[in-house]
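I opened my notebook to record what I looked up in this structure. I start with the overall fold and end with a pocket.

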Amino acid sequence: MERKLWLAKDRQSKALTKIYLGTPYFNEEQKQRVEKAKDALEDNDTVAVVHFPFDFQYQEATFDDPKEVFGTLIWQNATYQNDLSAMSTADCGVFLYDLDQIDDGSAFEMGFMRALHKPVLVLPFSKNLDQKQLNLMIAQGTTSFIESFEQLSSYDFNHFPSEPQTPIDVF
């Protein structure tokens, strides 16, 4: 009887997980994806916190920064350290991976999280996804491939079920 109670409690949806949301953020399409991902993760009962680095910019710098902080060496150092801290304190990483505009920063972040032995979930994007190939380091470093924003809203982030089968050819 005691074991059954433990299993029932263990399967309950509780907001326990802190997520690092990584993605390139250079054009409107990528920015819209972030908003969709945030909405989906907010709807997920197992997600407690979503850390998206662009929401936590050093001195609130922006691309069109009137204070001229964005891009400076101090901004670069602070951004790098802040992102490392956020990844280190996150339970997992969710990456909106744009195969039409490969971002070295996202690849670095995925590798860093895997080096910390944290799950990495990848939601790949491309205008021609069926014609793309995925680098084997990204493919093998991914814990689960997510196929839609809807799947983000129902994924069990308290248990991180693995689904390493990539929906894209690997090179």
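**Entry 1: the parts.** I counted the elements of the protein and found six helices and seven strands. I keep in mind that this is a predicted model. Next I read along the sequence and wrote down the pattern α-β-α-β-α-β-α-β-β-α-β-α-β.

**Entry 2: overall size.** I looked up the extent of the C-alpha trace. Along its principal axes, the trace spans about 65 × 40 × 30 Å. Then I asked what radius of gyration the protein has. The value is 17 Å. A compact globule of 171 residues would come out near 16 Å, so the two agree.

**Entry 3: the sheet.** In what order do the five strands of the open sheet stand? I traced β2-β1-β3-β4-β6, and the pairing is parallel. I then looked up the edge strands. They are β2, residues 47-51, and β6, residues 144-145. Each of these two pairs on one side only.

I took a closer look at one pair. β1 runs parallel to β3, which covers residues 92-98, and four bridges link the two strands. Here Ile19 stands opposite Cys92, a residue of β3.

**Entry 4: helices on the sheet.** I checked α4 next. This helix packs on the sheet and touches β1, β3 and β4, the last being residues 120-125. The direction of α4 makes about 155° with that of β3. I also followed α3, which lies across β1 and β2. α3 runs at about 140° to β1.

**Entry 5: the largest pocket.** How much space lies in the largest pocket? I noted about 380 Å³. The lining of this pocket has 22 residues. Nearest its centre lie Phe54, Thr79, Asp83, Gly105 and Glu109.

Which elements each supply at least two residues of the lining? I listed β1 (17-22), α3 (73-89) and α4 (104-115). α3 gives the largest share, with six residues. So far I had met these three elements at the sheet: α3 lies across β1, and α4 touches β1 as well.

Last, I sorted the lining by residue type. I got 13 nonpolar, six polar and three charged residues.

How values were computed:
Residues numbered from 1 in each chain as written. Predicted model: local features only at pLDDT ≥ 70, side-chain atom pairs only at ≥ 80, totals over all residues. Heavy atoms only, no water. 1 Å grid on protein atoms, 1.4 Å probe; cavity = no way out; pocket = protein on both sides within 12 Å on 5 of 7 lines; lining within 4 Å. Points joined across faces, edges and corners; volume = space filled by probe spheres on them. Nonpolar A, V, L, I, M, F, W, Y, C, P; charged D, E, K, R; others polar. Pairing = 2+ DSSP bridges. Contact = heavy atoms within 4.5 Å. Axes fitted to C-alpha atoms, helices over the stretch in contact; angles between N-to-C directions. Rg over C-alpha atoms; globule rule 2.2 N^0.38 Å.
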